[in-house]
Amino acid sequence: MSVVTFLSHTSDVAAGVVPVASCGQRGACSFKRSKSEEVKTAEFRFPVETCIYTCTVFVGKENQKRRGRPVTRLQGYLRCSHTGGQLLHAEEPRQRDMMEACEREELIVDADHLAAAPNGIENELLDVGEEDHMQGQMEEFLGPQAEYNEEEEERKYYRRKRLGVIKNVLAASVGAMIVYSVYMGLLQMQLILHYDMTYREVKYSNLGLVDIDRKMLMGINVTPIIGLLYTPILIRFLGTKWMMFLASGIYALFVSTNYWERYYTLVPSAVAIGVAIVPFWASLGNYITRMAQQYYEYVNYREDHVQEQKKLPKGACHSYIIVFQSVFHIIYHLSFVFAEFPMLFVLNGHLRESDHILYNVKGCGANISGVIPGFNSTVLLNLPRSMLLIQVESVLMGFAFLAMLIFLLLCGAAYRPTEEIDLRSIGWGNIFQLPFKHFRDYRLRLLCPFFIYSGFETLFAVTGFSLSYGVCVLGLKKLWLLIVVYGLSCSIFSSLSLCLLRLPRWLCLAAGAAVHIVLLVALLALPLYPDQPKYLGPLLVISVLWGLGTALIKTGVNTLLGMLYAEDKERLDFIYTIFHWWQAIAIFIVYLWSNLPMRAKLSILLATLLLACYCYWLMERRLADKKAYRLPRIPRPRHKVKGYRYLEEDNSDESDSERSEEDDGDDRDKNEDGEHVVEERRAEDREEEGQDAGVQGADSPGTRRRGPEGHHRRLEDANVKEEEREEREEW
């Protein structure tokens, strides 16, 4: 056997041009890949006695079909010359210098027509060996490039994924900050303008703006108390990202209605705001926690439980939850700062001095009832121009649309498409019931006082403290300063929650509660009087400290929820819905107590905070004692496969602990499909007669599943034939 060697550059290989040679009769052919990055080598072996020509080859590529699949077959043309009975090396033109060193004949390749041999004999390239063998050798020759590093490319891919998660967190934080900056800034400016009697009479005469504002506030504060009924359904129907986008659009709608201030524009938009509050915040909390879970998956993409999309190990992503929640609250709390820009740059120049506004005010702080009794009904020195107000509203409208675009374009999906389908495929009835069933978990029940207090303290800071203490003592012109200081304090001190990376998780909530307890006692004892500019310093200090407590409590509660339920990504939306629903209840209570004495309000705050601290301590103690908590079972998704619906009806009343006992018997039940189908049909008949299919009273897991009061077991194979099913029934 002699060897004919053809050299081909990698560019030719990439283009599908590979040298092939054959002389005379069929012979053996083999490919070898050179380790060099520049050249790839193909070697062809033929019997010496049958090949007495030097062959110049042009190669083409032809696609054929063999056994229903495409096959690439190489064809070529030969130009042969007599070489005295021995084979010489044939080269491409780019190796002409190498060829001249071993042979005087020049390589000529013609891509258009068949080149004639010197002796007038034309040879045609024949298939060498079996097609399957040739195909395997060709695939080996045309395999991955030597310089391709799969591990490096995989590492770069997941690094881009991690950067995308960080982008999602920053985009969601900035979007929420812009939405609430626009909402609070516009609402504050609107209420101040509508409060002034001169503005109402000149602009709207007998329109009744006071009554409109009262009903508008009622719509914002009362509507969220029914949020628990529809929030999970909206989130699972629309998806987490699209729920945030839709809610930001509702806030933009509220801004747009202020161009034409009428009852039929302001009140419906305020009701829409109330409807969107709980879904918006539940989606945000769920989104930030899901980003932490995704970041963990992209960091540990080589782990088996990540590749198989199994449940995350306990505590695996806690550090990412702490960091992402801290970043979110650092950015979001800046909304209190930007919300005061319309007040500072537009409205502040039109306000009267404090001696006129506070002329009839007799007391401030804990000594008063209501908000500010005796506050003057004319607070504007001169009316702002209508065009100026339109310009301000247009700027706010532009930022509202910007927030919508941020949610739409920069925020990625919180779940994979298949996960989104599974989340909504458990049945809308189960989705409606599961938030209520989660109250069986003693962790959530014991955290409810903290949920309520977190709603109390934020609204008290921007209404009770800033008005009954700040405006009553310093005047309306200093309102923006108190809230800006409070917002900056919240934003800066939200970074303190990063200490949970090294310290126990209870420290954040305990420190925030301790700060607020001291401040509440101080506010109860502090004697204040109207129009006292000398109290500016102490009030700013109280505002900073209150912001410190707010930052620790807000960030601590959100982080704690994420850490407690980090491994259950299918129930995060229920958990954050419950959290923000209790906050909505707290906002409604604050709206109702507006006319109570200030001492009563402070006493309610103090009692709620003390109760929250005790309940949280009790929860941590139970967890330390490893007392089992009961979580409702999330039913399996029910999909339609070619018109076939799974027959299982999962019962969400069953807890995960009970489910784990049933899972132990799954392997034992796989061989009992025939009996299962018979009992399944009987169970359906009994269910139609009114029996409860969710009763749990069997003696063993297998019996509970197969018995008349058990659950239907999912059919593993959707393509089981009807004949086999009938045979099982007969057996």
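**Exercise 1. Place Arg290 and list what surrounds it.**

Is Arg290 buried or exposed, and where does it sit?

Step 1. Start with accessibility. Arg290 has a relative accessibility of 1%. The cut-off for buried is under 20%. Arg290 therefore counts as buried. Keep in mind that this is a predicted model.

Step 2. Find the element. Arg290 belongs to helix α9, which spans residues 263-299.

Step 3. Look for a polar partner. The side chains of Arg290 and Gln293 make a polar contact at 2.6 Å.

Step 4. Now leave out residues up to four places away in sequence. Arg290 then touches Ala414, Tyr415, Glu419, Lys569 and Leu572.

**Exercise 2. Do the same for Thr240.**

Which helix holds Thr240, and which side chain is its polar partner?

Step 1. Thr240 lies in helix α8, residues 240-256.

Step 2. Its relative accessibility is 2%. That is under 20%, so Thr240 counts as buried.

Step 3. The polar partner is Asn286, with a side-chain to side-chain contact of 3.4 Å.

Step 4. Residues up to four places away are again set aside. Thr240 touches Ile235, Ser283, Asn286, Tyr287, Ala414, Tyr415 and Glu420.

Step 5. Compare with Exercise 1. Ala414 and Tyr415 are among the residues touched by Arg290, and they are also among those touched by Thr240.

**Exercise 3. Find residues that are apart in sequence and see how they sit in space.**

What distance separates the C-alpha atoms of Met216 and Leu266? Work through this pair, then two others.

Step 1. Met216 is in helix α6, residues 209-222. At 0% relative accessibility, Met216 counts as buried.

Step 2. Met216 and Leu266 are 50 residues apart along the chain, and their C-alpha atoms are separated by 6.6 Å.

Step 3. Check the contacts of Met216, without neighbours within four places in sequence. They are Leu187, Gln190, Leu191, Phe254, Leu266, Val267 and Ala270.

Step 4. Next, take Ile585 in helix α22, residues 572-592. Its relative accessibility is 17%, so Ile585 counts as buried. Ile585 and Gly227 are 358 residues apart in sequence, with 9.8 Å from C-alpha to C-alpha.

Step 5. Last, take Leu611 in helix α23, residues 598-624. At 45% relative accessibility, Leu611 counts as partly exposed. Leu611 and Tyr453 are 158 residues apart along the chain, and 9.6 Å separates their C-alpha atoms.

Step 6. Turn to the whole chain. Take contacts between residues at least 6 apart in sequence: 82% of them join residues at least 24 apart.

**Exercise 4. Examine two residues with a positive phi.**

Where do Asp531 and Lys626 lie?

Step 1. Recall the background. Most residues other than glycine have a negative phi.

Step 2. Read the angles. Asp531 has a positive phi of about 55 degrees, although it is not a glycine. Lys626 is also a residue other than glycine, and its phi is near 60 degrees.

Step 3. Locate both. Asp531 is in the loop between α20 (506-525) and α21 (536-564). Lys626 is in the loop between α23 and β7 (640-641).

Step 4. Sort them by accessibility. Asp531 has a relative accessible area of 29%, so it is partly exposed. Lys626 has 74%, and exposed means over 50%. Lys626 therefore counts as exposed.

**Exercise 5. Describe the second largest pocket.**

How many residues line the second largest pocket, and which element gives the largest share?

Step 1. Take the volume. About 880 Å³ of space lies in this pocket.

Step 2. Take the lining. It has 31 residues. Gln309, Lys311, Lys569, Glu570 and Ile634 lie nearest the centre.

Step 3. Name the elements that give two or more residues. They are α9 (263-299), α10 (304-307), α16 (417-424) and α24 (656-663). The largest share, four residues, comes from α16.

Step 4. Sort the lining by class. There are 18 charged, nine nonpolar and four polar residues.

Step 5. Link back to Exercise 1. Lys569 lies among the residues nearest the pocket centre, and Lys569 is also one of the residues that Arg290 touches.

**Exercise 6. Sum up the chain.**

What share of the residues counts as buried?

Step 1. Count the elements: 28 helices and eight strands.

Step 2. Of the 731 residues, 52% count as buried.

Step 3. The accessible surface is about 34,200 Å², and 57% of it belongs to carbon and sulfur atoms.

How values were computed. Residues are numbered from 1 along each chain as its sequence is written. This is a predicted model: local features need pLDDT of at least 70, side-chain atom pairs count only at pLDDT 80 or more; totals for chains, interfaces and linings use all residues. Side-chain values use heavy atoms; hydrogens and water are left out. On a 1 Å grid over the protein atoms alone, a cavity is a set of points where a 1.4 Å probe fits but cannot get out, and a pocket is an open set with protein on both sides within 12 Å along at least five of seven lines; lining residues have an atom within 4 Å of a point. Grid points are joined across faces, edges and corners, and a volume is the space filled by probe spheres set on the points. Ala, Val, Leu, Ile, Met, Phe, Trp, Tyr, Cys and Pro count as nonpolar, Asp, Glu, Lys and Arg as charged, and the others, Gly among them, as polar. Buried means under 20% relative accessible area, exposed over 50%, partly exposed in between (1.4 Å probe, protein chains only). Contact means heavy atoms within 4.5 Å. Accessible areas come from the Shrake-Rupley method with a 1.4 Å probe; for residues, only the protein chains shown count as cover. A polar contact is a pair of N or O atoms within 3.5 Å; within protein, one must be able to donate a hydrogen and the other to accept it, and residues adjacent in sequence count only if both atoms are side-chain atoms.
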